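Student: I'd like to learn how to read this structure. Could you take me through it feature by feature?

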Amino acid sequence: RHILVAENLDLRTPEPPQANVGLDDPCFIQYTSGSTGLPKGVLLTQRNIMCNIHVTGMGYQISHRDSFASWLPLYHDMGLIGGLFNPIYWRAGLALMSPMTFLMQPLRWLRMMSENATTITAAPNFAYGLVTKRSTPEDRAKLNLGPLRIALSGAEPVNVRTVDDFCEAFAPCGFRAESLFPAYGLAECSLGVCFGTPGKRF
């Protein structure tokens, strides 16, 4: 295989040589969460990633008209594949925030969505609970979550009380309860395995 090192780049060349990568070549090794045993490395191929992204996009009806917002860490499959690769593949808009920024000021996640007319986001259950507890009616009055059509809750058990509290708190911002639904995934399947139906309250 050809390895390209930055120090060896010939700046007179208009672009670096293209790698000859096949669909069944390795893309990267992704580790399982370890929630049911010791973490294991899973070798994902280019095809694995592309198929999962494509099927997920078809299910969510993602297009270039969508806009993503994510604070999820890029070393986690939901952040890397769901939050970064998906918008790149579907040529959708993307606003990124660091996980630490979210944890320090959870409401900035929703402000980012409001400012960018976000249509798709995802987070673990705790995030929806945290942003509900750390915001006031005055804070929420400044938000517009009307464009948000998909708000996934995954990576940990989904608590119905958390979902109900979030939906009630942010309904005045235009948030629709049917936009928030659970998703299930695992590293062995790249990312997504099953998810709710967009536009249908679970």
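Tutor: Let's start with a pair in one helix: being four residues apart in helix 7 (residues 160-170), R161 and D165 are separated by about one helical turn. Helices and strands here are DSSP runs, numbered from the N terminus: H or I with at least four residues for a helix, E with at least two for a strand. Before we go on, note that this is a predicted model, where local features need pLDDT of at least 70, side-chain atom pairs count only at pLDDT 80 or more, and totals for chains, interfaces and linings use all residues. Residues are numbered from 1 along each chain as its sequence is written, and side-chain values use heavy atoms, with hydrogens and water left out.

Student: Why does a spacing of three or four places matter in a helix?

Tutor: An α-helix has 3.6 residues a turn, so residues three or four places apart point the same way. In our case, the side chains of R161 and D165 meet in a salt bridge, with 3.2 Å from N to O. The term salt bridge means a side-chain nitrogen of Lys or Arg within 4 Å of a carboxyl oxygen of Asp or Glu.

Student: Are R161 and D165 buried or exposed?

Tutor: The cut-offs are these: buried is under 20% relative accessible area, exposed is over 50%, and partly exposed is in between (1.4 Å probe, protein chains only). R161 counts as exposed at 59%, while D165 is partly exposed at 29%.

Student: How many salt bridges are there by this rule?

Tutor: The count is three. One of them joins the side chains of D24 and R47, at 2.9 Å from N to O. D24 sits in the segment before strand 1 and R47 in helix 1, so this pair ties together parts that are 23 residues apart in sequence. D24 is exposed, at 51%, and R47 is partly exposed, at 35%.

Student: And which residue does D66 meet in a salt bridge?

Tutor: That's R149, again through side chains and with 2.9 Å from N to O. D66 is in the loop between helix 1 and strand 3, and R149 is in the loop between helix 6 (137-140) and strand 6 (150-153), so the bridge links parts 83 residues apart in sequence. D66 is buried at 7% relative accessibility, whereas R149 is partly exposed at 22%.

Student: What else is in the loop between helix 6 and strand 6?

Tutor: P147 is there too, partly exposed at 30%. To read its neighbours, count a contact when heavy atoms come within 4.5 Å. Leaving out residues up to four places away in sequence, P147 touches A117, T118 and T119. The C-alpha atoms of P147 and T118 are 6.2 Å apart, although 29 residues separate them along the chain. A117 comes after helix 4 and has a positive phi, near 50°.

Student: How do I read a helix that is mostly inside?

Tutor: Look at how many of its residues are buried. In helix 2 (residues 77-90) that is eleven of the 14, so the helix is largely enclosed by the rest of the structure. Those buried residues pack against strand 1 (26-31), helix 1 (46-60), strand 3 (67-70), strand 4 (93-96) and strand 5 (120-123). Just after helix 2, R91 takes a positive phi of about 55°.

Student: Which residues have the most contacts inside the largest nonpolar core?

Tutor: A nonpolar core is a set of buried Ala, Val, Leu, Ile, Met, Phe, Trp, Tyr and Cys residues joined through side-chain atoms within 4.5 Å. The largest has 49 residues, and W71, W109, L110, F166, F170 and F175 have the most contacts inside it. Two of these names, W109 and L110, are also among the buried residues of helix 4 (residues 107-115). As for F170, its contacts beyond four places in sequence include L110, V131, L143 and F175.

Student: What about nonpolar residues at the surface?

Tutor: M100, L103, M104 and F126 make a nonpolar surface patch of about 400 Å². Such a patch takes residues with over 30% relative accessible area and no salt bridge, with nonpolar side chains (Val, Leu, Ile, Met, Phe, Trp, Tyr) joined within 5 Å; in charged patches, like charges are joined within 9 Å. The areas come from the Shrake-Rupley method with a 1.4 Å probe, and for residues only the protein chains shown count as cover. Helix 3 (residues 99-104) gives the most to the patch, with three residues. F126 lies in helix 5 (residues 125-133) and is partly exposed at 35%.
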